[in-house]
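Please work through the following exercises with the structure at hand. Each task is followed by a solution in steps.

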Amino acid sequence: MYTQALNNLDIDTTGDDAALEARFQARVDDEQRIEPNDWMPEAYRKTLVRQIAQHAHSEIVGMLPEGNWITRAPSLRRKAALLAKVQDEGGHGLYLYAAAETLGKSREEMVEELLSGKAKYSSIFNYPTLTWADIGAIGWLVDGAAIMNQIPLCRCSYGPYSRAMIRVCKEESFHQRQGYELMLSLAKGTPEQKEMAQDALNRWWWPSLMMFGPPDGESIHSGKSMAWKIKRFSNDDLRQKFIDATVPQAHFLGLELPDPDLKFNEETGHWEVGEIDWEEFQQVVAGNGPCNRQRIKQRRTAHENGAWVREAATAYADKRRARKAAAAAAEAKEAA
Amino acid sequence: MTTLHIDDASPLVLYTLRLADNALVLGHRLSEWTGHAPMLEEDIALANVALDLIGQSRALYTYAGEAEGEGRDEDAFAYLRDAEGFRNVLLVEQPNGDFAVTIMRQFLYSAFMLPFWRKLMGSADERLAAIAAKAEKEAAYHLRHSAEWVIRLGDGTEESHERITDALADLWMFTGELFEMDDADRALVERGIAVDVSALRPEWERTVDEIFAEAGLTRPADVWMQTGGRGGRHSEHLGFLLADLQFLQRAYPGASW
């Protein structure tokens, strides 16, 4: 899972001490990891918090479209695999929130921003999962695209994030293989199953390409992120890598990519895709996708329905602490 | 493929299926929470418990199929029986309700299953003993997790106390069925295969009383206990659960996934 976070950075470097910044940049250039207690430019901190939080939110919202199919998975093996996958995503969310917290923002604050609509998450999850084949397509394409984006993040200059990404990438690559294997079993299955697989590819292909963000010419603020080694490759480079890896996989499945302009360029050795509908991308990012409102409402409902549980847990912890303190005081009094 | 009936199952197959059905139905219920739990940690914890239970059901269904010798696999049992063919206790099919209901259901069940699996580990049937040995470790965690929450909710806020009390009132009438035995069970107990569940009651009551005492809850007075699940007569809820669970297998009969 991934976000378009890299493309809408809010950078303000005014007021930072030039010498400190020079030393910081030298460390980054030297491929050293920046750790939570190290000095860092405020804009670097802000950029990272936003990116990591958006990444965490994407994991959490991403649990919903896939969660749709846990109860309807067609075999016990598939059911266990999907449940474990969605659980992994919850785990990713948890340690990404923890990584962001090392930069000084609380999880409560981040969750609040997700629920209020202030924070973004990956737009891909604003598309619906209509059939079982969508579970395969998400694993294969969405997790596949996520991996392309995330492998470079394993070398991100910020230590806690890069370490989190190493673990996330391992699990994502397992999910990706699982998704492809699911697609394969459908593609080699009954005509109805193959049709299901084709339909899922038709619907998920273009949104997956959009996951890499706008074309390089329109991607703002990439420069600073590159210099800080938060971002290491351009959107278009990563997108092309994904296309080149995925097109042959689709052919192996015997499925057709929903792009009449798709062709192989013998000279460059790359697959070239047709025009991406950036208007659709902008609309979905802006909140007008098929499921934007639904997803956030579901998150809000879960949060609101769980409020009494969280309050109870806090109240109980307080009581316990108070009782312990009282017991210790009584003991001390007795000893005296 | 048509709907599968199990009316003439041997005592061992029936015994194994009942255990498998309990695990699958409760695992399915818990999986319904995924993405909707009160906090992220509980999304993960409930999915964990669900995965354990679904894993238990798979091992048990596979064994039931082998013991039956008709070539049925885990999915044939899970996906091709109608509600009357399911032999789980009524407790596990009760809807999730709020978090308190889910936790109380898990606690009442796990407090029973932990000593149950411990006894079954000594079964004369090696396969059941092996399944029990794995499940026992899992049940220990399920019990600890749910018991801690019963205490937190019971001794938390006024609202949580009210909700967990209400959950207990909803579910208590389904606990009697946990201790039922029929002729098939008794025949297997005699052969050293099955667990004499009536002997587990004192330990179950001790666990319940101990946790309730810490939670500030009172064990309800004995009420008229509901029964039927082990014989294939279920509550209204199981049909909906199966409609969800079996949809793809029913809509595309014979396909493999």
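**Exercise 1.** Determine whether B:T34 is buried or exposed, and describe its surroundings.

*Solution.* Step 1. B:T34 has a relative accessible area of 5%. Buried means under 20% relative accessible area, exposed over 50%, and partly exposed in between, with a 1.4 Å probe and protein chains only. B:T34 therefore counts as buried.

Step 2. The model is a predicted one: local features need pLDDT of at least 70, side-chain atom pairs count only at pLDDT 80 or more, and totals for chains, interfaces and linings use all residues. Residues are numbered from 1 along each chain as its sequence is written, chains are lettered from A and ligands numbered from 1 in the order in which they are written, and side-chain values use heavy atoms, with hydrogens and water left out.

Step 3. B:T34 is located in the loop between α1 (11–31) and α2 of chain B. Helices are DSSP runs (H or I, at least four residues), numbered from the N terminus.

Step 4. Leaving aside residues up to four places away in sequence, B:T34 touches A:M63, A:I70, A:L83, A:V86 and B:D43. Contact means heavy atoms within 4.5 Å.

Step 5. A polar atom of the B:T34 side chain lies 2.8 Å from the backbone oxygen of B:S31.

**Exercise 2.** Describe the interface of chain A and chain B.

*Solution.* Step 1. The contact involves 46 residues from chain A and 49 residues from chain B. Within the chain A side, A:L76, A:Q87 and A:W308 lose the most area to chain B, together 20% of what that side buries.

Step 2. The two chains bury about 4000 Å² between them, with 68% of it on carbon and sulfur atoms. Buried area is the accessible area (1.4 Å probe) that two parts lose on being put together, summed over both.

Step 3. The rule finds 3 salt bridges across this interface. A salt bridge is a side-chain nitrogen of Lys or Arg within 4 Å of a carboxyl oxygen of Asp or Glu. B:D155 forms one with A:K319, and their closest N and O atoms are 3.2 Å apart.

Step 4. On the side of chain A that touches chain B, at least two residues each come from α2 (42–67), α3 (76–101), α6 (159–187), α7 (191–210), α11 (292–305) and α12 (307–335) of chain A. α3(A) gives the most, with 14 residues.

**Exercise 3.** Which buried residues does helix α4 of chain A contain, and what covers them?

*Solution.* Step 1. In this helix (residues 107–116), A:R107, A:M110, A:V111, A:E113, A:L114 and A:L115 are buried.

Step 2. Their cover includes α2, α3 and α11 of chain A, together with α2 of chain B.

Step 3. Just after α4(A), A:G117 takes a positive phi of about 90 degrees.

**Exercise 4.** Classify the aromatic pair of B:Y61 and B:F77.

*Solution.* Step 1. The structure holds 21 aromatic pairs over all chains. Rings of Phe, Tyr and Trp (its six-membered ring) pair if their centres lie within 6.5 Å; planes under 30 degrees apart count as stacked, over 60 as edge-to-face and the rest as tilted.

Step 2. B:Y61 and B:F77 are 6.0 Å apart centre to centre, with 15 degrees between the planes, and the pair is stacked.

Step 3. B:Y61 lies in helix α2 (residues 40–68) of chain B and B:F77 in helix α3 (residues 74–79) of chain B, so the pair ties together parts that are 16 residues apart in sequence.

Step 4. B:Y61 is buried at 0% relative accessible area, and B:F77 is buried at 0%.

How values were computed. Polar contact = N/O pair within 3.5 Å; in protein donor to acceptor, adjacent residues only side chain to side chain.
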